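User: I have a structure to study and want to know what stands behind the terms used for it. Please show it, and then I will ask.

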Amino acid sequence: MLKATKYLLEKTRKIQNQFAEAFEIPQDALLNLPRITIIGDGELHLENHKGIIEYSSEKIRVSVLGGSLEITGEAMVLKNIKPDEIAVRGTISQLLFSK
Amino acid sequence: MILKRLLDYLLGYCIIKVAGPRKERFINFIINEKIPLWDIVQKGEDELWVKVYVSDIGKLRHIARKSRCSFKIKAKRGFPFLALRAEKRKGLVVGIFLFMIVLFSLSSFIWFVDIHSSEPLVLLSEETILREAARLGLKPGALKSRIHIDNIEQKLTVSLPQLTFVGIEIQGTLVKIEVAEKKVIPEEIKEKPAHLIAAKDGVIEEILVLAGESRVKVGDTVQRGQLLISGLAPQKVVDRKTGEFIEQGPPKVLEAKGIVRARVWYETVSEAPIIERGKRLTGAKREQWSILLGNKKIVLKGPRLSPYADYEEKRQTRTIEWRNLNVPVEVIQTIFYELKPYQRNWGQEGAIKNAKDLALKILETKMPKEARILDQKVDVISQSGNVIKVRVWIETLEDIGEKQYFQPETD
């Protein structure tokens with residue numbers, strides 16, 4: 001049962017993906033994928049997040065579609081948090097996606 | 001961003017300290033509840049400082065219980081808290097309001113009245129204008145709202161007829177009255193006894209006596225300085241028996257006035273060449289810029305010397321001045337204009353005409369503007385080589401009267 005749902009989910013995602021490609025619609029808009037904007041190494045905006053998993057001034061982990069995003073750096077502050085957007089300020093050194 | 005800060009300040013916000021092992025959960029819950037929060041900072045080992053609006057604090061308690069976290073209000077910032085504090089210090093607030101009220105009320109009065117005039121006042125003194133303005137209500141201590149500028153302006157011009165213009169301007173607590181006095185026309189010069197005498201030799205053509213007694217007739221030849229109209233007019237009375245005018249009593253002393261037109265002759269001799277030689281500008285020019293350093297001249301631009309054999313030069317010097325400092329450097333602009341000799345043959349006729357024109361020009365400076373030329377004659381006197389000499393004679397009709405003031409004999 002679980003396998004079947006997972007299969008279906010993947011299938012729909014694939015179709016959505018093809019649809020987005022066919023009509024040249026940005027994928028983040030259609031698929032709820034995270035969109036990350038980084039300005040230098042001092043500011044990061046993350047749209048379409050699914051919640052914070054971990055926060056400290058050296059490491060921030062944010063849940064995104066299909067896994068999590070790990071931001072490593074120094075003296076990082078969550079400048080602003082909205083239901084779909086996070087703004088991080090500080091010195092960013094690394095971004096890491098994990099399933 | 002500043003706008004948001006301002007909004008935060010006006011709404012009032014708290015810095016809360018979140019502690020507990022599941023702080024992230026607490027924050028996620030807050031986000032899901034759509035409660036705005038910002039500036040999340042990690043402080044110490046196990047603490048988060050978060051900013052939230054005051055109005056949302058109540059909702060947080062429920063969330064904290066759900067996420068098994070504890071939070072504490074660390075600091076309160078913004079206007080609502082300031083207002084709360086002000087309530088405790090009523091005196092201060094009352095003082096601020098009192099100050100404002102006093103400031104406002106004092107600024108609604110007039111404290112100074114100034115009078116301005118572009119020219120110094122002659123007919124009126126400033127005090128009189130100020131007194132008159134005060135009488136109309138425009139004085140220090142008057143309420144600004146009671147003053148109708150147009151009304152006072154109009155009334156001031158009526159009550160002070162020496163003024164042609166009154167402009168009132170209120171600048172805060174200062175009132176500026178701009179005035180312009182009527183121009184005083186100097187009193188007419190009293191009639192001074194005078195004769196009218198001839199300024200030039202001539203033959204009288206017409207006489208029009210406005211005041212005085214004429215001493216010449218039409219057709220008379222007069223000489224320069226001759227009396228034309230006397231300022232001593234005998235008083236005449238009609239004799240009843242004979243019906244004739246007879247003189248009676250001492251003559252009346254007055255300023256003789258009248259128009260005495262006479263024919264006047266002018267004569268002059270002038271000459272002009274048949275073949276005219278001279279130098280003329282060709283239109284070509286060269287510019288030279290140089291600077292004068294002490295006694296040394298340095299050419300910056302253009303030719304060092306005049307490029308033309310025959311030339312006329314125009315010089316313009318400019319000293320460099322900076323504020324009060326006079327730099328001993330002069331910038332000189334020199335323009336050389338080329339000259340070329342020319343020759344023109346006027347012929348005999350042309351030369352005579354030129355000489356005549358020249359003579360007329362000379363004569364014109366001698367005669368009054370309103371003189372009318374009646375006749376003119378040109379005689380060629382001599383022709384020696386290239387030069388023709390002519391005598392020009394003209395006859396004009398003009399007013400030859402001239403005033404001569406005299407001291408009347410006193411009895």
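User: What makes the area between domain 1 of chain A and domain 2 of chain A a buried area?

Analyst: This is a predicted model. Buried area is the accessible area that two parts lose on being put together, summed over both. For domain 1 of chain A and domain 2 of chain A that comes to about 410 Å². Carbon and sulfur atoms give 48% of it. Helix H2 (residues 27-31) of chain A brings the largest share of the domain 1 side, three residues. By class, that side has one nonpolar, one polar and two charged residues.

User: How do you know that residues of domain 1 of chain A are in contact with domain 2 of chain A?

Analyst: Contact means heavy atoms within 4.5 Å. Four residues of domain 1 of chain A are in contact with four residues of domain 2 of chain A. The centres of these two domains, taken over C-alpha atoms, are 24 Å apart. The rule finds zero salt bridges across their interface. Residue pairs in polar contact also come to zero there, counting pairs with both at pLDDT 80 or more.

User: Where does the domain assignment place the two domains of chain A?

Analyst: Domain 1 covers 1-31, and domain 2 covers 33-99.

User: Why is the pair B:Asp39 and A:Lys79 called a salt bridge?

Analyst: The rule asks for a side-chain nitrogen of Lys or Arg within 4 Å of a carboxyl oxygen of Asp or Glu. In the pair of B:Asp39 and A:Lys79, the closest N and O atoms are 2.7 Å apart. That value is within the 4 Å limit, so the pair qualifies. In general, side chains of opposite charge can pair when their charged atoms come close.

User: How many salt bridges are there over all chains, and why does this pair join two chains?

Analyst: The whole structure has 18 salt bridges over all chains. B:Asp39 lies in strand E2 of chain B and A:Lys79 in strand E5 (residues 67-82) of chain A, so the pair joins two chains. Between chain B and chain A the count is one salt bridge.

User: What else makes up the contact between chain B and chain A?

Analyst: Chain B gives 13 residues and chain A gives 15 residues. About 1,300 Å² is buried between the two chains, and 57% of that comes from carbon and sulfur atoms. Nine residue pairs are in polar contact, both at pLDDT 80 or more. On the chain B side, helix H2 (23-32) and strand E2 (37-43) each supply at least two residues. The largest share, six residues, comes from E2(B). That side divides into seven nonpolar, two polar and four charged residues.

User: How do you know how H1(B) and H4(B) are packed?

Analyst: Two packed helices are described by the angle between their axes and the distance between the axes. For helix H1 (residues 2-11) and helix H4 (residues 79-88) of chain B, the axes come within 5 Å and cross at roughly 35°. B:Tyr9, B:Leu10 and B:Leu11 in H1(B) meet B:Phe79, B:Pro80 and B:Leu82 in H4(B).

User: What makes the residues of this contact nonpolar?

Analyst: Tyr, Leu, Phe and Pro count as nonpolar, so these residues fit the class. The division is six nonpolar, no polar and no charged.

Technical notes: Residues numbered from 1 in each chain as written. Chains lettered and ligands numbered in written order. Predicted model: local features only at pLDDT ≥ 70, side-chain atom pairs only at ≥ 80, totals over all residues. Heavy atoms only, no water. Domains from an automatic or database assignment. Buried area = accessible area lost by both parts, 1.4 Å probe. Polar contact = N/O pair within 3.5 Å; in protein donor to acceptor, adjacent residues only side chain to side chain. Helix = DSSP H or I, 4+ residues; strand = E, 2+ residues; numbered from the N terminus. Axes fitted to C-alpha atoms, helices over the stretch in contact; angles between N-to-C directions.
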